[in-house]
Structures are given as structure tokens and as C-alpha cells.
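Biologist: I'd like to learn how to read a structure like this one. Could you walk me through it?

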Amino acid sequence: MKYPMVRQLFVILLLGAGLSAIHAWADTEIDLGDGGPTPASQPTAVPTAQPVLETTHPSPVPEMKAEPTPTAEVTVEPEAGQDKKSEEEPAETTQIVHGTLKMKDVYAAGIKNYQEQDYDSAIRELKRALEMNDPYTQKFYYAEAAAMLGVIYQFRVIHYDKALHYYKLALHYEKKNRTALRHLKEVQRLIKKGK
């Protein structure tokens, strides 16, 4: 047995609930319909609603085999030509609670910023996700980060050359990336039309 203490506790809880239910029903007077009067001196007991325990198996608790890695601080230097952040601006959107920062976390923060229509932060987070070398993250996430940058540059920033660059990068990571394939020809047509 993997979790004997949990199972024993579960059995004890079930037995306790069963005994409570039996005790409540033992004090209940049952009307058999024989027409006999119920003595007025004895009040009839009404069973109370007992909570129903779910009989699902408890989820296993993962075991820690090693010490967690120490928290690392991430600082982002402003790009050339940009001023340092003022105190009024919010800090970076990704936070390291414990452990190491994964590419998927930074990618998710970029997508969240995109959904909140904070395109500058979305661009910053998605570019940061692409710069990370996380061997445990699937190439799909890199392709999606690049494709989302292409979408932002094509539809929000209106910079078709950068959009084309990121769509091609997405196809480099994943040859059949839907987003990149869907918008690549349109961007190429817009670039030809503009030049």
C-alpha cells in the first residue's frame, strides 16, 4: 500500500459516519400504521441530515526527492534608447515563487498580457521566452511564442517585416504551425504591395 495512513483515516471517517447514522436511526420511532397512539410523554425523534462522505480515493501527495532549487532573481535591462523604468510603472509580470523559471511560464505571461491588450508587455515577455533555452519545454511553445509575436506585429503594431520574421521563426521551430502558415502568405502579399 502506498498511503496506509490516508486509507486508515478514510476508513475511520466512514465508520464514524456510519455509526452516527445508526445512532440517529436507532432513536427514531417508526409509525407502523397500526393506528396506535404515540405516547405524548415521549417526543418522536426526527433524523437529522447527515453529511454524505464522498467515496473517492484521495489523490496521492507527490514525494519530494531533492531539495528545491534556490530562487533566482531575474532583472531585465532596458533596450538601447529606452529610459529606465520609473517607480510608478509595474514590475515584470512573471514572478518566481520558488524553483526555476521555465519558458512556458514566461510564454503564459506573454499570452496573458496579449489577452489583456498590453501589447508592449506581451512583446517583451514573448521575446524573453524565445531567448530562454529550456530543454524541458517542447518546441511547440517556442513556435507559438514566435507566431504570437508575428500576430502582434502584423495586426497591432503594423510592422510587416517583423511579422514575417517571426512567422518564419515559428515555422523553424514547428514546420506545420497553424498560426504562422495562416498569416505568412498574407504578410508576404502586404510587403510586396507596400514596396
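## Reading a helix and its neighbours

Modeller: Sure, and keep in mind that this is a predicted model. Let's begin with α6, where Thr179, Ala180, His183, Leu184, Val187 and Ile191 are buried.

Biologist: What do the buried residues of α6 pack against?

Modeller: They pack against two other helices, α4 (139-157) and α5 (160-173).

Biologist: How do I check the length of a helix like α6?

Modeller: Take 1.5 Å for each residue and compare the expected span with the distance between the end C-alpha atoms. Helix α6 covers residues 178-194, which is 17 residues, so the span should be 24 Å. Its end C-alpha atoms are 25 Å apart, and that agrees.

Biologist: Where does α6 bend?

Modeller: At Leu184, by about 30°. Leu184 is also one of the buried residues of this helix.

Biologist: Which residue caps the N-terminal end of α6?

Modeller: Look for a side chain reaching a backbone nitrogen at the start of the helix. Here Asn177 does the capping: one of its side-chain oxygens lies 3.2 Å from the backbone nitrogen of Thr179.

Biologist: Let's step back. How many helices and strands does the protein have?

Modeller: Six helices and zero strands. Read from the N terminus, the order of elements is α-α-α-α-α-α.

Biologist: And how much of the protein is buried?

Modeller: Of the 195 residues, 26% are buried. Looking from the outside, the protein exposes about 15,400 Å², with carbon and sulfur atoms supplying 56% of that area.

Biologist: What share of the contacts comes from residues far apart in sequence?

Modeller: Count the contacts with a separation of 6 or more, then ask which of them join residues 24 or more positions apart. In this protein that share is 54%.

Biologist: Can we try a loop residue? Where is Thr137 found, and is Thr137 buried or exposed?

Modeller: Thr137 sits in the loop between α3 (119-131) and α4. Its relative accessibility is 8%, and buried means under 20%, so Thr137 counts as buried.

Biologist: What does Thr137 touch?

Modeller: Leaving out residues up to four places away in sequence, Thr137 touches Met103, Lys104 and Tyr142. Within its own stretch of chain, the side chains of Thr137 and Asp134 are joined by a polar contact of 2.6 Å.

Biologist: Now the rings. How many aromatic pairs does the structure hold?

Modeller: Five. For each pair, check the distance between ring centres and the angle between planes. The centres of Tyr107 and Tyr141 are 5.7 Å apart with planes at 70°, so this pair is edge-to-face. The pair links distant parts of the chain, since Tyr107 is in helix α2 (residues 103-115) and Tyr141 in helix α4, 34 residues apart.

Biologist: Are Tyr107 and Tyr141 buried or exposed?

Modeller: Tyr107 is buried, at 13% relative accessible area, while Tyr141 is partly exposed, at 22%.

Biologist: What about Tyr153 and Tyr166?

Modeller: Their ring centres lie 5.8 Å apart and their planes are at 5°, so they are stacked. Tyr153 belongs to helix α4 and Tyr166 to helix α5, so the pair ties together parts 13 residues apart in sequence. Tyr153 is buried, with a relative accessible area of 5%, and Tyr166 is buried too, with 11%.

Biologist: Which residues do ring pairs link into a cluster?

Modeller: Tyr107, Phe140 and Tyr141.

Notes:
Residues numbered from 1 in each chain as written. Predicted model: local features only at pLDDT ≥ 70, side-chain atom pairs only at ≥ 80, totals over all residues. Heavy atoms only, no water. Helix = DSSP H or I, 4+ residues; strand = E, 2+ residues; numbered from the N terminus. Expected span 1.5 Å × (residues − 1). Bend = angle between axes of the 7 residues up to and from the residue. Buried < 20%, exposed > 50% of the residue type's maximum accessible area, 1.4 Å probe, protein only. Contact = heavy atoms within 4.5 Å. Polar contact = N/O pair within 3.5 Å; in protein donor to acceptor, adjacent residues only side chain to side chain. Areas by Shrake-Rupley, 256 points an atom, 1.4 Å probe, with all protein chains shown as cover. Phe/Tyr/Trp six-rings, centres within 6.5 Å; stacked < 30°, edge-to-face > 60°.
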